[in-house]
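Student: I should like to go through this model with you, beginning with its helices and then turning to its strands and cores.

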Amino acid sequence: MKLELLAEPYAVCTAPQPPGPGPGPLVAVLRDADGWTWVGPEAAAPQGATCRGGWRVLAVEGPLDFGLTGVLAALTAPLAQAGVPVFVLSTWSTDFLLVPGARLAATRAALTAAGHELTDAEDPG
């Protein structure tokens, strides 16, 4: 599979109230029984939220057909073997894997060894 590394670091945040979506090529606002989760560019993290930053985003080249199977398994299995934690989001058209920035070299090595192709996005700034 082909993946593109987004240029900027991301944050995963939790908040008791729904945060606004904010700017960026990927932003998600989700709710479950424990509250609200916000994912987006670290620089745009919502005020007052509890955040963990330093994530890097790999976007799977899409659009992906809804009938495809094993896409995430093919990507997360080599990362699990390399000891790289992931936070995964899916949209209508594709999947996104967030990996700790400190583990980016291990991520590249594991995915490349598994036959995947990684490219870097152009820096928007």
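**Helices, strands and cores**

Tutor: In this predicted model, helix α1 is followed by Gly-83, whose phi is positive, near 75°.

Student: Which residues of α1 are buried, and why do they lie on the same side of α1?

Tutor: Buried here means under 20% relative accessible area. The residues of α1 in this class are Val-71, Leu-75, Pro-78 and Leu-79. They lie on the same side of α1 because they cover an arc of only 105° around the axis.

Student: Which exposed residues does α1 carry on the face turned away from its buried side, and against which elements do its buried residues pack?

Tutor: The face turned away from the buried side of α1 carries the exposed residues Ala-80 and Gln-81. The buried residues of α1, in turn, pack against β1, β5, β7 and α2.

Student: Over what arc do the buried residues of α2 extend around the axis?

Tutor: Helix α2 comprises residues 104–113, and its buried residues are Leu-104, Thr-107, Ala-110 and Leu-111. These are placed on the same side of α2 because the arc they cover around the axis is only 130°.

Student: Which residue follows α2, and what is its phi?

Tutor: The exposed residues Ala-105 and Ala-113 are on the face of α2 turned away from its buried side. After the helix comes Gly-115, with a positive phi, near 95°.

Student: How many bridges join β2 to β4, and how many join β2 to β5?

Tutor: Strand β2, residues 10–15, has 5 of its 6 residues buried. With β4 (residues 35–41) β2 runs antiparallel, and Ala-15 has Trp-36 as its bridge partner there. With β5 β2 also runs antiparallel, and Thr-14 has Thr-50 as its bridge partner there. The bridges number 6 to β4 and 4 to β5.

Student: Which elements give two or more residues to the largest nonpolar core?

Tutor: The largest nonpolar core has 14 residues, and Leu-3, Leu-58, Leu-75, Leu-79, Leu-97 and Leu-111 have the most contacts inside it. The elements that give two or more residues to this core are β1, β5, α1, β7 and α2.

Student: How many residues are in the other core that lies apart from it?

Tutor: Leu-97, one of the residues with the most contacts inside the largest core, touches residues including Leu-58, Leu-75 and Leu-79. Apart from this largest core lies another, with Leu-6, Tyr-10, Leu-89 and Leu-98 among its members. That other core has 12 residues.

Methods
Residues are numbered from 1 along each chain as its sequence is written. This is a predicted model: local features need pLDDT of at least 70, side-chain atom pairs count only at pLDDT 80 or more; totals for chains, interfaces and linings use all residues. Side-chain values use heavy atoms; hydrogens and water are left out. Buried means under 20% relative accessible area, exposed over 50%, partly exposed in between (1.4 Å probe, protein chains only). The arc is that of the directions from the helix axis to the C-beta atoms. Contact means heavy atoms within 4.5 Å. Two strands pair if DSSP finds at least two bridges between them. A nonpolar core is a set of buried Ala, Val, Leu, Ile, Met, Phe, Trp, Tyr and Cys residues joined through side-chain atoms within 4.5 Å. Lists of a residue's contacts leave out its neighbours within four places in sequence.
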